[in-house]
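Reader: I've got a model open and want to go through its sheet with you. Can we take the labels one by one?

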Amino acid sequence: VEVCSGYLRPEAGSVSVCGVPAMASSARAVRRVCRSSVGLLPEMTVRDHLVLATRSSGSSLPALIDRAVDFGLGQWLDTRSGALSNGNRRKAWLLTCIPSAAPVIVADEPFQGLDDVGSAAFTEDLRSWSRRALVLVVAHDWPSNLSPDQHLHIRGGGIAA
């Protein structure tokens with residue numbers, strides 16, 4: 001995840017996202033990355049985070065608010081993120097990091113801590129995005145209602161399909 005997101009250099013070779021070096025700031029336009037650790041600002045509301053996400057990505061705020069409602073966050077839009085439950089913080093984090101589709105989407109442990117409503121909404125997002133994007137999901141716990149196109153198992157430094 002960190003190499004694809006451009007935050008770590010690969011030990012050898014190079015990593016590009018849609019022909020753009022992963023470490024280049026211009027790669028942000030072609031990828032969305034959601035790390036496993038939630039990094040919301042506790043004094044900002046859910047709505048504040050969504051506004052920030054849409055401004056930085058050029059996404060639609062009304063569309064993102066509709067997704068927040070689908071995720072079960074409708075009543076929490078004006079709540080400071082520091083006052084949210086862990087599950088609602090996770091939902092807000094997913095929406096903030098992935099406010100809209102992009103050619104490449106990377107999500108690290110996105111289902112961790114999600115309730116059934118959030119998991120179903122994010123699963124539907126993944127299905128929709130995978131029709132037109134490369135979607136990479138790193139997960140130990142996988143929802144039973146989602147079938148990946150390909151599994152990669154990483155063990156002992158090696159990758160097996």
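Author: Sure. In this predicted model, three strands make an open, parallel sheet, ordered β3-β4-β5. β3 (31–34) and β5 (134–138) are the edge strands. Averaged and ignoring direction, neighbouring strands are turned by 5° against each other.

Reader: What makes β3 and β5 edge strands?

Author: Each of them pairs on one side only, so they sit at the ends of the order β3-β4-β5.

Reader: Why do β4 and β5 count as paired?

Author: Pairing takes at least two bridges. Strand β4 (residues 104–108) has five bridges to β5, so the pair qualifies. The two strands run parallel. One of the matches puts Val106 opposite Leu136 in β5.

Reader: And which residue in β5 is the bridge partner of Val104?

Author: That's Leu134.

Reader: Why is the crossover from β4 through α4 to β5 called right-handed?

Author: Point the strands away from you: right-handed means the path from the first strand over the helix to the second runs clockwise. Here the chain goes from β4 through α4 to β5, and that β-α-β crossover is right-handed, so the path is clockwise in that view.

Reader: What does helix α4 touch?

Author: Helix α4 (residues 116–130) packs on the sheet against β4 and β5, and its direction makes about 145° with that of β5. Helix α3 (residues 86–97) lies across β3 and β4, at about 160° to β3.

Conventions. Residues numbered from 1 in each chain as written. Predicted model: local features only at pLDDT ≥ 70, side-chain atom pairs only at ≥ 80, totals over all residues. Heavy atoms only, no water. Helix = DSSP H or I, 4+ residues; strand = E, 2+ residues; numbered from the N terminus. Axes fitted to C-alpha atoms, helices over the stretch in contact; angles between N-to-C directions. Contact = heavy atoms within 4.5 Å.
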